Amino acid sequence: MTTSASIDFRLSEITAALVVGCVALMVLGLQPALLGDLIEQQRISLEGVGLVAMGEIFALGVGVVLAEKWLPLHRIRLVAVLSSLYLVAVNLLTLRVHGDLACTAMRVAAGLGEASLFWITTVVLVRSRQPDRLSGIFLTMQTMAQALVALMLARLTMPFLGGQKGFVALAVISALPLLLATRLPAKVPPHEEATKPAVATLRGFFSLLVPFAHLSAVGTIWAYFEPLEKAAGVAASQANLLVALVLVMQIAGGGMAAVAVRHWRAPRVVAASAVAFAAIGVLMHLLAGHSVLAFTALCVAFGFLWLFQMPFHYRLAFDVDPQGRIAMLVPAAQLLGSGFGPLAASFFVRGENVQVIPLIASGFASCALIAVILVASRVFQGTGRGRTSPCEQSSP
């Protein structure tokens, strides 16, 4: 069984939508390298790292919500073309700006373009027959693409571009949706529940607080990953390779989650992931500068857990609201959390001292743990044990 909102998309349509989503979120995997380049060129300050990171990701998260409300479902292909052209232009214009505020403004503009592309992926993903499994596949695809591009940037020498090769590569990648536009669905019918009020229950609120807080923890560490590497004693020549290693571990985590999400209970998995994230943050703080090997091991665990827990956010949302109205907001909650974490952390950074960053991430992970406990204590009340979510209904 499936919900009435589910659609039998063709494989080519799903593939095109997922690739467009990979393009939209490419910046998330490259952000440490891109921000590191901006710092190295003295185009932004260390204190401004959180502001720049927050601006783009916040714009991405808010943009997805606005896109769901305003962009036409019968003009998806046109949205893909216009957003792609816009994003190419903004990424190239980023090469011309200097200063924390100017760079933040430019990346906010980029985030809105990325949101329009990611909205296309969200429309297809949430309305598909198996949204939880498809989310795991998408997250793995997305991270594989990010890892490959990050590795390419780490190894590819382009003296004529200097430290600007990251944004040039991002501009080239942003043109890919132009080639895929005709493969996307021509139009998608509105979600049947879209006319109903948004779920405003405590369970709905806390089920969205879980991905928000979880990704706040992730975003806090990721935005300051390069300064944390330096504080841990990682050599500059190995820094980009460690970023690529984290992305590879995300692939492993996402791949495992794509299988496990159909069989493991979401509240337990999300709670365990929150506890592990909190522990990673505390250990990063305690072991700073003492052992590069220990820091690398913590980064490996960080990368694996990052993607492993994300498909369970969708599963948790469908457990709370089988109609999928909350699930539509999960990507926005994840993205807003990814931006809020660095913003909050930026208020505690002084000079080059970033040792407080892992502890802030642990605090966010603790908030995710509290939220999932509250959700789990109420998630089945009033719905009955016999009622299943669309994810479970469509299970083979």
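This section describes salt bridges, helix packing, long-range contacts, an unusual backbone angle and a nonpolar surface patch in a predicted model.

Four salt bridges are present in the structure. One of them joins the side chains of Arg 10 and Glu 13, with an N to O distance of 3.2 Å. The two partners differ in their exposure to solvent-sized probes: Arg 10 has a relative accessible area of 52% and is exposed, whereas Glu 13, at 8%, is buried. The exposed class begins over 50% relative accessible area, and the buried class lies under 20%, so the 52% of Arg 10 places that residue in the exposed class.

A second salt bridge is formed between the side chains of Glu 56 and Arg 107, at 2.9 Å from N to O. Glu 56 belongs to helix H3 and Arg 107 to helix H5 (residues 100–127), so this pair ties together parts of the chain that are 51 residues apart in sequence. Both Glu 56 and Arg 107 are buried. The relative accessible area of Glu 56 is 4%, and that of Arg 107 is 2%. Arg 107 also meets the side chain of Glu 114 in a salt bridge, with an N to O distance of 3.8 Å. Glu 114 counts as buried because its relative accessibility is 2%. Through shared partners, the salt bridges join Glu 56, Arg 107 and Glu 114 into one network.

Glu 56 takes part in a further spatial relation. The helix that holds this residue, H3, spans residues 49–70. The C-alpha atom of Glu 56 is separated by 9.6 Å from that of Leu 28, and the two residues are 28 residues apart along the chain.

The loop between helix H2 (26–40) and H3 contains Gln 42. Most residues other than glycine have a negative phi. Gln 42 is not a glycine, yet its phi is positive, at about 60 degrees. With a relative accessibility of 72%, Gln 42 counts as exposed.

Helix packing was examined for two pairs. Two packed helices are described by the angle between their axes and by the distance between the axes. In the pair formed by helix H6 (residues 131–155) and helix H14 (residues 310–320), the axes come within 8 Å and cross at roughly 160 degrees. This angle makes H6 roughly antiparallel to H14, given that angles over 145 degrees are counted in that class. The crossing of H6 past H14 is right-handed.

The other pair consists of H12 and helix H13 (residues 292–308), which pack at an angle of about 155 degrees with their axes 10 Å apart. H12 and H13 are therefore roughly antiparallel to each other. The crossing in which H12 passes H13 is left-handed.

Helix H6 also includes Thr 143. This residue is buried, with a relative accessible area of 0%. Thr 143 and Met 26 are 117 residues apart in sequence, while their C-alpha atoms are 8.3 Å apart in space. A further contact between distant parts of the sequence involves Val 372 and Arg 203, which are 169 residues apart in sequence and 9.5 Å apart in space, C-alpha to C-alpha. Val 372 lies in helix H16 and is buried, with a relative accessible area of 1%.

Helix H16 (residues 357–376) also holds Leu 359. In contrast to the buried Val 372, Leu 359 is partly exposed, at a relative accessible area of 36%. Leu 359 contributes to a nonpolar surface patch of about 380 Å², together with Val 282, Leu 283, Leu 286 and Leu 287. Residues enter such a patch when their relative accessible area is over 30%, so Leu 359, at 36%, passes this cut-off. Helix H12 (residues 266–286) gives the most to the nonpolar patch, with three residues. H12 thus appears in two of the features described here, as a contributor to the patch and as the packing partner of H13.

How values were computed:
Residues are numbered from 1 along each chain as its sequence is written. This is a predicted model: local features need pLDDT of at least 70, side-chain atom pairs count only at pLDDT 80 or more; totals for chains, interfaces and linings use all residues. Side-chain values use heavy atoms; hydrogens and water are left out. Patches are made of residues with over 30% relative accessible area and no salt bridge: like charges are joined within 9 Å, nonpolar side chains (Val, Leu, Ile, Met, Phe, Trp, Tyr) within 5 Å. Accessible areas come from the Shrake-Rupley method with a 1.4 Å probe; for residues, only the protein chains shown count as cover. Helices (H or I, at least four residues) and strands (E, at least two) are DSSP runs, numbered from the N terminus. Buried means under 20% relative accessible area, exposed over 50%, partly exposed in between (1.4 Å probe, protein chains only). Axes are lines fitted to C-alpha atoms, for helices over the stretch in contact, and angles run from 0 to 180 degrees between N-to-C directions. Angles under 35 degrees count as roughly parallel, over 145 as roughly antiparallel, 65 to 115 as roughly perpendicular and the rest as oblique. A crossing is left-handed if the near helix is turned anticlockwise from the far one by less than a right angle, and right-handed if clockwise.
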